Amino acid sequence: MSNPKQQQALPEKQQVRIFCYGDSLTAGTSPPLDNTFPYGVHLESSLVHHFGTSGGNEETLPNITPVVRWKGLPGWTASTMVEYADDESFGLRASLRRVQNPSVSLAIILAGTNDLGYEISSSGGGGAKKVCHSVIGLHKIAHEEGVSTMAVSIPPSGWQSASTEGKKIAMDANEMLRSWCTENKDKVTFVEFPFGWNGGGDNDDLWSYDGLHFSPEGYRALGEGLAPFVSDIVLANSEKISGA
């Protein structure tokens, strides 16, 4: 005799689409290697394992299938990304609009690193404010499309450790971004970059030789480090939908 529980249809899986957008740190550039190692691969793997292990089998987790995609633009500043937001090949807005049924649930934005060098060479001052303004501009583009966002702080680097001005601009821009995220917490979540710079120290294996990009293992650490925060957002959004 068959078990009635076995005859019950499993709940339909809810696909949740996550889009990572940024510069070479999203593309996965890792000099001197020719291949790229996007952190999105490891983010998706971590989320699939999390929801695949417990999702649908325990009441605490919904039956979710996370799908992560990405677009990384090496060398691009956040200000240029805002300028080209509608470009069909590179733009954030254009990319979000192309994804339908279901649309993107969360956009993860990691940008601003390339802006630092331009602001140091600029004589106008107010570098941190300009960098933050551009990064916030990307978030606002996503919000206009009804997509919530995660703001990953500008990471430290070997270059910043050698440039007092660059390090200060990055730190100040991150604090401004954190404050803005707190004021807009219904739409955006601020997340500190998962690991630091410690040239020759414990994190040395996570960095590329140039001190600006990450090693393949560093991109893995980034994706796995963001996964718990993304999971929390996905769960919160799922609860809002089910409670609507």
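User: What makes Trp-207 count as buried?

Analyst: Its relative accessible area is 7%. Buried means under 20% relative accessible area, exposed means over 50%, and partly exposed is what lies in between (1.4 Å probe, protein chains only). Trp-207, at 7%, is under the 20% limit, so it is buried. A word on where such values come from: this is a predicted model, in which local features need pLDDT of at least 70 and side-chain atom pairs count only at pLDDT 80 or more, while totals for chains, interfaces and linings use all residues. Residues are numbered from 1 along each chain as its sequence is written, and side-chain values use heavy atoms, with hydrogens and water left out.

User: And why is Trp-197 called partly exposed?

Analyst: Trp-197 has a relative accessible area of 29%. That falls between the 20% and 50% limits, so the middle label applies.

User: How many aromatic pairs are there in the whole structure, and why is the one between Trp-197 and Trp-207 called edge-to-face?

Analyst: The search finds 10 aromatic pairs. For Trp-197 and Trp-207 the centres are 5.1 Å apart and the planes are at 85 degrees. Rings of Phe, Tyr and Trp (its six-membered ring) pair if their centres lie within 6.5 Å; planes under 30 degrees apart count as stacked, over 60 as edge-to-face and the rest as tilted. The two tryptophans meet the distance limit, and 85 degrees is over 60, so edge-to-face is the label. Trp-197 and Trp-207 both sit in the loop between strand 5 (188-191) and helix 10 (216-243), 10 residues apart. Helices (H or I, at least four residues) and strands (E, at least two) are DSSP runs, numbered from the N terminus.

User: How do you know which kind of pair Phe-214 and Tyr-219 form?

Analyst: Their ring centres are 5.2 Å apart and the planes are at 65 degrees, so this pair is edge-to-face too. Phe-214 and Tyr-219 are both buried. Ring pairs also join these two with Phe-193, Phe-195, Trp-197 and Trp-207 into a cluster.

User: How do you know that Cys-181 has no disulfide to Cys-132?

Analyst: A disulfide here is a pair of cysteine sulfur atoms within 2.5 Å. The closest cysteine sulfur to that of Cys-181 belongs to Cys-132, 8.1 Å away, which is too far for a bond. The whole structure has zero disulfides. Cys-181 is buried, at 3% relative accessibility, and Cys-20 is buried as well, at 0%.

User: What makes a group of residues a nonpolar core, and which residues have the most contacts inside the largest one?

Analyst: A nonpolar core is a set of buried Ala, Val, Leu, Ile, Met, Phe, Trp, Tyr and Cys residues joined through side-chain atoms within 4.5 Å. The largest has 29 residues, and Ile-18, Tyr-39, Leu-43, Ile-108, Met-150 and Val-230 have the most contacts inside it. Helix 10 gives the largest share, eight residues. A second, separate core has 26 residues, including Ile-136 and Cys-181.

User: Which residues is Val-230 in contact with?

Analyst: Contact means heavy atoms within 4.5 Å. Leaving aside neighbours within four places in sequence, Val-230 is in contact with Ile-18, Leu-43, Leu-47, Leu-106, Ile-108 and Met-150.

User: Why is the meeting of Arg-93 and Glu-144 called a salt bridge?

Analyst: A salt bridge is a side-chain nitrogen of Lys or Arg within 4 Å of a carboxyl oxygen of Asp or Glu. The N to O distance between Arg-93 and Glu-144 is 3.0 Å, which is within 4 Å, so the pair qualifies. Arg-93 lies in helix 5 (residues 92-98) and Glu-144 in helix 7, so the bridge ties together parts that are 51 residues apart in sequence. Arg-93 is buried at 13%, whereas Glu-144 is exposed at 56%. Both belong to a salt-bridge network with Asp-86, Arg-97 and Glu-145.

User: Which salt bridge does Arg-178 form with an N to O distance of 3.5 Å, and which one at 2.2 Å?

Analyst: The 3.5 Å bridge is with Glu-175, and the 2.2 Å one is with Glu-192. Arg-178 lies in helix 9 and Glu-192 in the loop between strand 5 and helix 10, so that bridge ties together parts that are 14 residues apart in sequence. Glu-175 and Arg-178 are three residues apart in helix 9 (residues 164-183), which separates them by about one helical turn.
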